[in-house]
Amino acid sequence: MSRSGSGSWKERCRQHREAGRLGPPGPYALLPWLLLGLGAFSNLFQGETSNPWIGGLGLLVFNSLYPSVVFRGFEKRKRESPVSYVLLAVMALVTLGLAIGYGGSWLLFFPLLSLACGTILRNRQLMFGMLGLAAVATCVAIWRGGNNSDPWTIGYGTFISGAVTAAILTLSETVTELRATRQELATTAVEKERLRFSRDLHDLLGHTLSVIVVKSEAARRLAPRDMDAALAQVADIESVGRQALAEIREAVTGYREGSLATELDRARSALTAAGIEAVVHRSGPPITPQAEALLGWVVRETVTNVVRHSNATTCSFVVAGAAEHVRLTVTDDGRGPAGPPPAPGIGGTGLKGLTERLAAAGGSLTAGPVPGGGFVVGAELPVDTVDGAGSPASPPTLGR
């Protein structure tokens, strides 16, 4: 069996297990309790009941209302509808009339009424309803008597029937909501992983292809006059390609963590090949791997923008660490692409996404043009950065 076939077979088995799992009770589970009224029906059938037409009519009305109320109790919209409370009130009047008029086996309609109340009433309504109904059932049982059961048993059975029914239905609703939430969380996790992978792949390929294009252009310019320098650029292209393959494999498995020093070295190489002078200054104590990963992405994306859009001659990277925070500042002296100058502040979807990511780690990002020409990007993170936004390999592309 192929791997895909095995996977589909396992998925089918999982679906069968889910389908076979016991779910919450339905309204049909409460219908057999109508058998409690068989004693009253027997009295009516054997002629032991006075005014049998009234008793038969009351029995018919109760047995018609009970399923209707129970089925409405399993749908929240119908359960909270005023119609449900009206039907429940009519059932209560019929039950009280039959119990007072006949007593004996007819008192068992109180627990049935309590079951119906348990499907409709919730919270404080349920508490007061069950206590009141149990008290009424006990009083009527004491007054009418004539039943084999003790009056207090009728009251207790009335109270416990509605309370247990409401508890079971509430628990079932909670379990159903939890299952739906679990399914939603699983779907969200899948979507998050897809987003992480798509962003990571996009950023890795965008940066790598930009470097390859720049170095290829440099090799083409150098080839006519300096073959050794051109071959060095070609060797760099091969190295960048191999490194990109390794990074893509790591991105697929979700374990990629960037190094700030590595990203700065790559940035210097890419900028030099593009004819841009790279200046790097680092100071302060070492920073955490999480902060290095995030700042490494800032370096990577900023360099991609400088190479593509800035027309700069110089680009500086200043990493300044302190006791409580570390700051990275990337400044270029470029004129930018043709057209109106960029507006100050955070702009572009990619830049906003990276700002949100740094904010999730307790940091901040600023970006904007420099007076007199150029562009500056500043990123600041606390020294105890914890990446709460997921894999560090998933920020969106930075845009000027």
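Is Ala-29 buried, partly exposed or exposed in the protein chain? In this predicted model, Ala-29 is partly exposed, its relative accessible area being 44%. The residue belongs to the loop that connects helix H1 (3–20) with H2. Although Ala-29 and Val-70 are separated by 41 residues in sequence, their C-alpha atoms lie 9.9 Å apart in space.

The overall composition of the chain is considered next. The protein chain contains 12 helices and 5 strands. Of its 400 residues, 38% are buried. Among contacts in the protein chain with a separation of 6 or more, 72% involve residues that are 24 or more positions apart. The chain exposes about 21,700 Å², and 62% of this area is supplied by carbon and sulfur atoms.

Part of the surface is formed by a nonpolar patch. Leu-35, Leu-38, Phe-41 and Phe-45 make up this patch, which covers about 480 Å². Leu-38 is located in helix H2 (residues 38–45). With a relative accessible area of 48%, Leu-38 is classed as partly exposed, because the exposed class requires a value over 50%.

The strands are arranged in a sheet. An open sheet of mixed pairing is formed by 5 strands, in the order S1-S2-S3-S5-S4. Strand S1 (277–283) and strand S4 (364–369) occupy the edges; each has a single partner strand, so one side of each is left without a neighbour in the sheet. From one strand to the next, the twist averages 10 degrees. In general, the strands of a sheet pair through backbone hydrogen bonds, in either a parallel or an antiparallel manner.

Two of the pairings involve S5. Strand S3 (residues 325–332) and strand S5 (residues 375–382) run antiparallel and are joined by 8 bridges. Within this region, Leu-328 has Ala-379 in S5 as its bridge partner. S4 and S5 also run antiparallel, with 6 bridges between them. Gly-368 stands opposite Val-376 of S5. The hairpin of S4 and S5 has 5 residues between the strands, and in this hairpin Gly-372 adopts a positive phi near 95 degrees.

Helix H10 is placed against the sheet. H10 lies across S1 and strand S2 (314–321), and its direction makes an angle of about 160 degrees with S1.

A search of the whole structure identifies 8 salt bridges. One of these is formed by Arg-79 and Glu-173, whose closest N and O atoms are 2.9 Å apart. Arg-79 lies in helix H4 (residues 76–79) and Glu-173 in helix H8 (residues 151–222), so this pair ties together parts of the chain that are 94 residues apart in sequence. The two partners fall into separate accessibility classes: Arg-79 is buried, with a relative accessible area of 6%, whereas Glu-173 is partly exposed, at 28% relative accessibility.

Helix H8 also contributes to another salt bridge. The side chains of Asp-236 and Lys-215 meet with an N to O distance of 3.2 Å. Asp-236 is in helix H9 (residues 227–253) and Lys-215 in helix H8; the pair links distant parts of the chain, 21 residues apart. Asp-236 has a relative accessibility of 30% and is partly exposed. Lys-215, by contrast, is buried, with a relative accessible area of 2%.

A further salt bridge involves H10, the helix that lies across S1 and S2. The side chains of Glu-263 and Arg-300 meet in this salt bridge, at 3.2 Å from N to O. Glu-263 is part of helix H10 (residues 260–273) and Arg-300 of helix H11 (residues 289–310), and the pair links distant parts of the chain, 37 residues apart. Both Glu-263 and Arg-300 are buried. Elsewhere, Arg-79, Arg-122 and Glu-173 are joined into one network by salt bridges that share partners.

Key. Residues are numbered from 1 along each chain as its sequence is written. This is a predicted model: local features need pLDDT of at least 70, side-chain atom pairs count only at pLDDT 80 or more; totals for chains, interfaces and linings use all residues. Side-chain values use heavy atoms; hydrogens and water are left out. A salt bridge is a side-chain nitrogen of Lys or Arg within 4 Å of a carboxyl oxygen of Asp or Glu. Helices (H or I, at least four residues) and strands (E, at least two) are DSSP runs, numbered from the N terminus. Buried means under 20% relative accessible area, exposed over 50%, partly exposed in between (1.4 Å probe, protein chains only). Contact means heavy atoms within 4.5 Å. Accessible areas come from the Shrake-Rupley method with a 1.4 Å probe; for residues, only the protein chains shown count as cover. Patches are made of residues with over 30% relative accessible area and no salt bridge: like charges are joined within 9 Å, nonpolar side chains (Val, Leu, Ile, Met, Phe, Trp, Tyr) within 5 Å. Two strands pair if DSSP finds at least two bridges between them. Axes are lines fitted to C-alpha atoms, for helices over the stretch in contact, and angles run from 0 to 180 degrees between N-to-C directions.
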